Amino acid sequence: MSNGADEPILRLENVSKSFFGFLAVRDFSLDVRRGSIHALIGPNGAGKTTIFNLATKTLPPTRGRIFFKGTDITARSASEVARLGMVRSFQISAVFASLTALENVKIALQRFRPDGFAFWKSSKVLHALDDRAMALLCDVGIESYAHARASELPYGRRRALEIATTLALDPELLMLDEPTAGMGHEDVGRISDLIRTVARDRTVLMVEHNLSIVANLSDQITVLARGERLAEGTYDVVSRDPAVIEAYVGSEHHD
Amino acid sequence: MSQETLQATSPVTAPGLKSAGRDLTLVWYGLGIAALLAAPFFFYPIFLVKVLCFALFACAFNLLLGSCGLLSFGHAAFFGAAGYVAGHAAKEWGLPFEAALVCGTAAAAAVGLLFGYVSVRRQGLQFAMITLALAQLVYFLALQLPFTHAEDGLSAIPRGKVLGTFDLDNIFVLYYATAVVFLIGFVAMHRMTNSTFGQLLKAIRDNEPRAISLGYEVHRYKLMAFVLSATMAGLAGSTKAIAFKIVALTDVHWSTSGSVILMTLLGGLGTLFGPVVGAAVVVSMEDYLADSGLPINAVIGAIFILCILLFRRGIVGEIQHRFGKR
Ligand SMILES: Nc1ncnc2c1ncn2[C@@H]1O[C@H](COP(=O)(O)OP(=O)(O)OP(=O)(O)O)[C@@H](O)[C@H]1O
Ligand SMILES: [Mg+2]
């Protein structure tokens, strides 16, 4: 039962989150099917990032339960959830600023090594990870920045670095919060190709404002407004939904 | 692993980008050891012993603040507690010099584990306040417990002999023994910063939420860093206790915690040699001002404020910045 093919890889069950009395997410349920690319869209402030924070246990839910691969993870810590195979990127790019791009990716790769607490062991042994890290930088197209400090990378490249770092963990469920925000046209194309490639053998849940990417990539779309689910389905279904059209036009925000 | 599905373009490797920096560090090490060897012929050895003890202490503090971003305001607790235990071991148990150092250092590690367990989940000012409060507890214990001799302090600690042969009451022997302890501690800390563990600490310092999201239990790493820092502060405190034959309440007093912060910031936070330079400057000033009749703390405080305003990277940090070293 626990590994059945139809069982969702991620399930949110009537989840709510309130910030000082303000309900950012209300009674929200979501099933993410294993192997799919699932997009979460909605106007600014709809609660998309908050749902990412709840699913990855970055924030505790006020109410509701969260299941990952059939296990109740409501009481687990964020790092535990990551080790179970759900790894996220952040909307505001999150990199290790004083480390080089290559070192950033190696931090993720280091998690598979047993010497994380080895304070007596020279970090030179980490050169063993160089090739693998470089290959990941190539995948996102920033290999020429390998030895530049992350803080010195242009914004779009920093986003790409973050995706490479996330991919380094080879997560079963990849959570991308606006992966292409702040990127130039060429890079957007590259990242969307990359998402398609890596999604062949994993599940992707992404928040994305670029609707052409959403239309091209996603198998399933959940539309969110004011912390509540507005619609769910394929792009064709969702884009014709009057409530969705109204929410988007009403908020006067879309790309 | 599914990574094979990603096209792995031929990796580019950077040729010898890092080796220049490494050679420079070796040169600095060579100069430093030469200076350590020659120093007692130019300066009063007992003064140098004091500088080295505080330099080691400041390096230990720097290990935590520089690599982990945790500002402890209670490091005197490790320095002083280790001193009391090392002194007691040498005086009451009659243990030799080396064993007394080990006892003191181990005691500091234990106190560090306790402090760290309570404090590492906190950040910034909260962390500083908790470490201060815990250190005040240690101060209170030092005032009350019988073996610390309260206001009198633990005095007339026998120095003993290094390896059972070289008499530490000879000030040159004392100096070189201290220099060796310092060097061992310094090299150990340098390695910790550049270890596989140290690499993860840098990541945690740079971006803690990101490190968590990659699956690292950051509190355990911070706890480890805290204990290592406390242990090294303990090595410094033990050495000082034996070298000066006395441990007093000032060694666990909050002003000692403050003074080690000052040394580190003055010399250059997060730099390799900064804390050593900072300790040398502060200890020199203290010694110089002690005979002048001026209010020492006020003068040092004023100089400190001036330095922070003029060069906020600290002495070594500023030099490195000027010469473009990262
Ligand atoms: N930590 C927090 N404390 C208080 N309020 C918060 C917090 N995080 C989010 N909110 C509020 O919750 C609501 C939803 O925010 P969220 O960031 O989830 O939106 P979003 O859908 O990701 O929007 P965007 O498209 O702008 O990224 C917003 O009104 C926001 O102000
Ligand atoms: Mg958001």
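Colleague: How many salt bridges are counted between chain A and chain B?

Modeller: In this predicted model, B:Glu217 pairs with A:Arg83, their closest N and O atoms lying 2.9 Å apart. That distance satisfies the cut-off of 4 Å between a side-chain nitrogen of Lys or Arg and a carboxyl oxygen of Asp or Glu. The count between chain A and chain B is one salt bridge.

Colleague: Which helix gives the most residues to the side of chain A that touches chain B?

Modeller: There are 18 residue pairs in polar contact between chain A and chain B, both residues being at pLDDT 80 or more. The elements of chain A that give two or more residues to this side include helix H2 (78-84), helix H3 (101-109), helix H4 (130-139) and helix H5 (155-168). With seven residues, the one that gives the most is H4(A).

Colleague: Which residues of chain A lose the most area to chain B?

Modeller: The contact involves 52 residues of chain A and 41 residues of chain B. About 4100 Å² is buried between the two chains, 59% of it on carbon and sulfur atoms. On the side of chain A, 18% of what is buried comes from the three residues that lose the most area, namely A:Phe96, A:Phe117 and A:Phe119.

Colleague: Which residues coordinate the magnesium ion (ligand 2), and how many residues apart in sequence are the parts they tie together?

Modeller: The magnesium ion (ligand 2) is coordinated through OG1 of A:Thr49 and OE1 of A:Gln91, at 1.9 to 2.1 Å. A:Thr49 belongs to helix H1 (residues 48-55) of chain A, whereas A:Gln91 sits in the loop between S6 and H3 of chain A, so the pair joins parts that are 42 residues apart in sequence. A:Thr49 is partly exposed at 25% relative accessibility, and A:Gln91 is partly exposed at 30%. The coordinating residues are therefore A:Thr49 and A:Gln91, tying together parts 42 residues apart.

Colleague: Is A:Ile221 buried or exposed?

Modeller: A:Ile221 lies in strand S9 (residues 220-225) of chain A. Beyond its neighbours within four places in sequence, its contacts include A:His38, A:Ile41, A:Val214 and A:Val238. A:Tyr235, also in contact with A:Ile221, is 14 residues away in sequence and 6.5 Å away in space, C-alpha to C-alpha. With a relative accessible area of 0%, A:Ile221 is buried.

Colleague: Where in chain A do A:Arg11 and A:Asp31 lie, the two residues whose side chains meet in a salt bridge?

Modeller: The N to O distance in this pair is 2.9 Å. A:Arg11 is partly exposed at 31% relative accessibility, and A:Asp31 is partly exposed at 34%. The two are 20 residues apart, A:Arg11 in strand S1 (residues 10-19) and A:Asp31 in strand S2 (residues 22-32).

Colleague: What is the relative accessibility of A:Arg202, which forms a salt bridge with A:Asp170?

Modeller: The side chains of A:Arg202 and A:Asp170 meet at 3.0 Å, N to O. A:Arg202 is in the loop between H6 and strand S8 (203-207) and A:Asp170 in the loop between H5 and strand S7 (173-177), so their pairing ties together parts 32 residues apart in sequence. A:Asp170 counts as buried at 18%, under the 20% limit. A:Arg202 also counts as buried, and its relative accessibility is 4%.

Terms used. Residues numbered from 1 in each chain as written. Chains lettered and ligands numbered in written order. Predicted model: local features only at pLDDT ≥ 70, side-chain atom pairs only at ≥ 80, totals over all residues. Heavy atoms only, no water. Contact = heavy atoms within 4.5 Å. Buried area = accessible area lost by both parts, 1.4 Å probe. Polar contact = N/O pair within 3.5 Å; in protein donor to acceptor, adjacent residues only side chain to side chain. Helix = DSSP H or I, 4+ residues; strand = E, 2+ residues; numbered from the N terminus. Donors = N, O, S within 2.8 Å, 3.2 Å for Na, K, Ca; no water. Buried < 20%, exposed > 50% of the residue type's maximum accessible area, 1.4 Å probe, protein only.
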